[in-house]
Amino acid sequence: MATIAELSIDLVGHTTFAPPSDVRWSTDAADGSALSEFAGRACYETWDKPNPHTATNQAYVRHILDVGHTAVLEHSSASMYLRGVSRSCSHEIMRHRHFSFSQLSQRYVPAEEARVVVPEAVRADEQLTRLFLQSADVAHQAYEEILQGISAQGLNQGSHAAVRAKQARQAARAVLPNCTETRFVMTGNFRSWRHFIGTRAAEHADPEIRRIAVECLEKLKQISPEVFDDFSVVDLVDGGRMATSPYVNEF
């Protein structure tokens, strides 16, 4: 029987900030949040914080969001490593072209087992889940048979063994379903992350991508609460969660 792959996301990297020694300025934040403020103040050299209403980093970031000067958020970034994502969902995520992606290669890494992501609507019903996993098994069995068949044909025998194996996998992978698990690294600046969360954590987004967006938001809040705490996470009647912000259209 096919194996259900569970979603797992790790924050694997993010911006650090080292202020220049010749600028007399300090802030009450660190790393990405501090760099965003520094970049904004660099535009006008307001190192002395002439406006008391934006003296704290959190207040300054809120002002950035209020006036739409969100380009300064592009100086800070975060990288996530995602596992347990369906191939179809990864295609949706990678439409966000302001991110950088490094995805598991189906040409080089053999699908030794049928690891799939089951939609929540299917997992809610035991019989449908069983049917779903059975269909994944059929597809994976076809994948294995195609691999064996190509190997038996002796495709490009003059090539290196690793090249022949890659050629077999790149042909056989076409039969794998959209629910097949994929894994990838996703890196983006804070402005791009805010846009991704604002659109993909919405109530009417696909449940799988919505869950991913909410979990990424929670990790981003840990490293830069000043930039992401305006998002509120609420529970939905279907058991999922969504996130909203009054600044979702600032991209």
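Where does Arg95 lie? In this predicted model, Arg95 sits in the loop between α3 (87-93) and β4 (100-103). Arg95 is exposed, with a relative accessible area of 59%, and two UniProt "binding site" features, both from an unreviewed entry, include this residue. Here is a short tour of the chain as a whole, then of the annotated residues and two other positions.

**The chain as a whole**

- The protein chain contains nine helices and eight strands.
- Its radius of gyration is 23 Å, well over the 18 Å that the globule rule gives for 251 residues, so the chain is more spread out than a compact globule.
- Along the principal axes, the C-alpha trace spans about 75 × 50 × 20 Å.
- Of the 251 residues in the protein chain, 44% are buried.
- Among contacts with a separation of 6 or more, 71% are between residues 24 or more positions apart.
- The accessible surface comes to about 13,100 Å², and carbon and sulfur atoms account for 49% of that area.

**The two "binding site" annotations**

- One "binding site" feature in UniProt (unreviewed entry) lists Glu92, Ile93, Met94, Arg95, Gln103, Leu104, Ser105, Gln106, Arg107, Arg173 and Arg200.
- These residues span 109 residues in sequence, and the farthest two C-alpha atoms are 29.1 Å apart, so they do not all gather at one spot.
- From this set, Leu104, Ser105 and Gln106 belong to the lining of the second largest pocket.
- UniProt (unreviewed entry) also places a "binding site" feature at Arg95, His96, Arg97, Gln103, Asn189, Phe190, Arg191 and His195.
- Arg97, from that second list, is found in the loop between α3 and β4.
- With 69% relative accessibility, Arg97 counts as exposed.

**Gln103, named in both annotations**

- Gln103 appears in each of the two "binding site" lists and lies in strand β4.
- Gln103 counts as partly exposed, because its relative accessibility is 28% and that class runs between 20% and 50%.
- Setting aside neighbours within four places in sequence, Gln103 is in contact with Arg87, Ser90, Met94, Thr182, Arg183 and Phe184.
- One of these partners, Ser90, is also joined to Gln103 by a polar contact of 3.2 Å between the two side chains.

**Arg200, the "active site" annotation**

- UniProt (unreviewed entry) places the feature "active site" at Arg200, a residue that is also in the "binding site" list with Glu92 and Arg95.
- Arg200 is in helix α7, which covers residues 190-200.
- Is Arg200 buried or exposed? Its relative accessibility is 16%, so Arg200 counts as buried under the 20% cut-off.
- Beyond neighbours within four places in sequence, Arg200 is in contact with Glu92, Arg95, His96, Ala205, Ile209, Arg210 and Ala213.
- A polar atom of the Arg200 side chain lies 3.4 Å from the backbone oxygen of Glu92.

**Thr180, ahead of strand β6**

- Thr180 lies in the loop between α6 (161-172) and β6 (181-189).
- The relative accessible area of Thr180 is 11%, so this residue is buried.
- Not counting residues up to four places away in sequence, Thr180 touches Val85, Ser86, Arg87, Gln106, Arg115 and Val116.
- Two of those partners link to residues met above: Gln106 is in the "binding site" list that runs from Glu92 to Arg200, and Arg87 is also in contact with Gln103.

**Lys49, between α1 and α2**

- Lys49 is placed in the loop between α1 (31-44) and α2 (57-67).
- At a relative accessible area of 23%, Lys49 is partly exposed.
- Which residues does Lys49 contact, leaving aside its neighbours within four places in sequence? They are Trp25, Ser26, Thr27, Glu37, Arg41 and Ala55.
- For Ala55, the backbone oxygen lies 3.3 Å from a polar atom of the Lys49 side chain.
- Lys49 and Asp137 are 88 residues apart in sequence, and their C-alpha atoms are 62 Å apart in space.

Notes: Residues are numbered from 1 along each chain as its sequence is written. This is a predicted model: local features need pLDDT of at least 70, side-chain atom pairs count only at pLDDT 80 or more; totals for chains, interfaces and linings use all residues. Side-chain values use heavy atoms; hydrogens and water are left out. UniProt positions are given in the numbering used here, feature names are shortened, and annotations may be inferred rather than shown by experiment. On a 1 Å grid over the protein atoms alone, a cavity is a set of points where a 1.4 Å probe fits but cannot get out, and a pocket is an open set with protein on both sides within 12 Å along at least five of seven lines; lining residues have an atom within 4 Å of a point. Helices (H or I, at least four residues) and strands (E, at least two) are DSSP runs, numbered from the N terminus. Buried means under 20% relative accessible area, exposed over 50%, partly exposed in between (1.4 Å probe, protein chains only). Contact means heavy atoms within 4.5 Å. A polar contact is a pair of N or O atoms within 3.5 Å; within protein, one must be able to donate a hydrogen and the other to accept it, and residues adjacent in sequence count only if both atoms are side-chain atoms. The radius of gyration is taken over C-alpha atoms; the globule rule is 2.2 Å times the number of residues to the power 0.38. Accessible areas come from the Shrake-Rupley method with a 1.4 Å probe; for residues, only the protein chains shown count as cover.
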